Amino acid sequence: DIDVTCLRLFTVYGPRQRPDLAIHKFARLIEAGEAIPVFGEGDTRRDYTYVDDLVAGVFAAIERCRGYHIYNLGNHRPVSLSDLIAAIEHALGKKARLKRLAKQPGDVEQTYADIARAQAELGWTPKTDLSVGLARFAAWLRQSRSGCGGRA
């Protein structure tokens, strides 16, 4: 008789993202003029989801927590690593240097969220386009590096 809601979050990014994750790491390296490590051909695909959208999903789940449910919260539009790097370059206004490396053993080719249940039961859909989210992240990164924002 306990209400339980489980949330599966898909590749969260945005201001204050962990510095070891791809978007933060790549943006820092591009800003510093250093090479980005690219494993394989850049064709792996991930479901990058902006933090504000996920927070909205968490609140929607809290408000409707009845019974037992599992919801996927993600952008539901996987992006290739090559396209992600191009989008980060655009957000920063700088070209990336790439360091091509062998494909990592066991790396998953694609992840993405089926958000049909979250849409139907929570009324939740992500709203932030990748280019908009990356522009916000780039602005935060630059502000935090200049000493005017949170930690980078």
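## A nonpolar patch

A patch here joins nonpolar side chains within 5 Å, drawn from residues with over 30% relative accessible area and no salt bridge. In this predicted model, Val55, Phe59 and Ile62 form such a patch on the surface. Its area is about 300 Å².

Val55 belongs to helix H2. Why can Val55 count towards a patch? Its relative accessible area is 38%, so Val55 passes the cut-off of over 30%. Val55 is classed as partly exposed.

## A buried aspartate in H2

Helix H2 covers residues 51-63 and also holds Asp53. Asp53 is buried. Which side chain of opposite charge is nearest to Asp53? That side chain is Arg136, 6.5 Å away. A salt bridge needs a side-chain nitrogen of Lys or Arg within 4 Å of a carboxyl oxygen, so the 6.5 Å to Arg136 leaves Asp53 without one.

The side chain of Asp53 does have a backbone partner. It reaches the backbone nitrogen of Lys127 at 3.2 Å. Leaving aside residues up to four places away in sequence, Asp53 touches Trp124, Pro126, Lys127 and Thr128. Lys127 thus appears both as a touching residue and as the owner of that backbone nitrogen.

## Helix H1 and its cover

Helix H1 runs over residues 22-32. Its buried residues are Ile23, His24, Phe26, Ala27, Leu29 and Ile30. What covers them? The cover includes two strands, E2 (12-13) and E3 (35-39). It also includes two helices, H3 (81-92) and H5 (130-145).

Gly33 follows H1. The phi of Gly33 is positive, near 75°.

## The chain as a whole

The chain has five helices and eight strands. Along the sequence, the order is β-β-α-β-β-β-α-β-β-α-β-α-α. The C-alpha atoms fill a box of roughly 55 × 40 × 20 Å, taken along the principal axes.

How much of the chain is buried? Of its 152 residues, 38% are buried. The exposed area of the chain is about 8,600 Å². Carbon and sulfur atoms supply 52% of that area.

Contacts reach far along the sequence. Among those with a separation of 6 or more, 85% join residues 24 or more positions apart. The contacts of Asp53 with Trp124, Pro126, Lys127 and Thr128 show such pairings at the level of one residue.

Terms used. Residues are numbered from 1 along each chain as its sequence is written. This is a predicted model: local features need pLDDT of at least 70, side-chain atom pairs count only at pLDDT 80 or more; totals for chains, interfaces and linings use all residues. Side-chain values use heavy atoms; hydrogens and water are left out. Helices (H or I, at least four residues) and strands (E, at least two) are DSSP runs, numbered from the N terminus. Buried means under 20% relative accessible area, exposed over 50%, partly exposed in between (1.4 Å probe, protein chains only). Lys and Arg count as positive and Asp and Glu as negative; His and the chain ends are not counted. A polar contact is a pair of N or O atoms within 3.5 Å; within protein, one must be able to donate a hydrogen and the other to accept it, and residues adjacent in sequence count only if both atoms are side-chain atoms. Contact means heavy atoms within 4.5 Å. Patches are made of residues with over 30% relative accessible area and no salt bridge: like charges are joined within 9 Å, nonpolar side chains (Val, Leu, Ile, Met, Phe, Trp, Tyr) within 5 Å. Accessible areas come from the Shrake-Rupley method with a 1.4 Å probe; for residues, only the protein chains shown count as cover.
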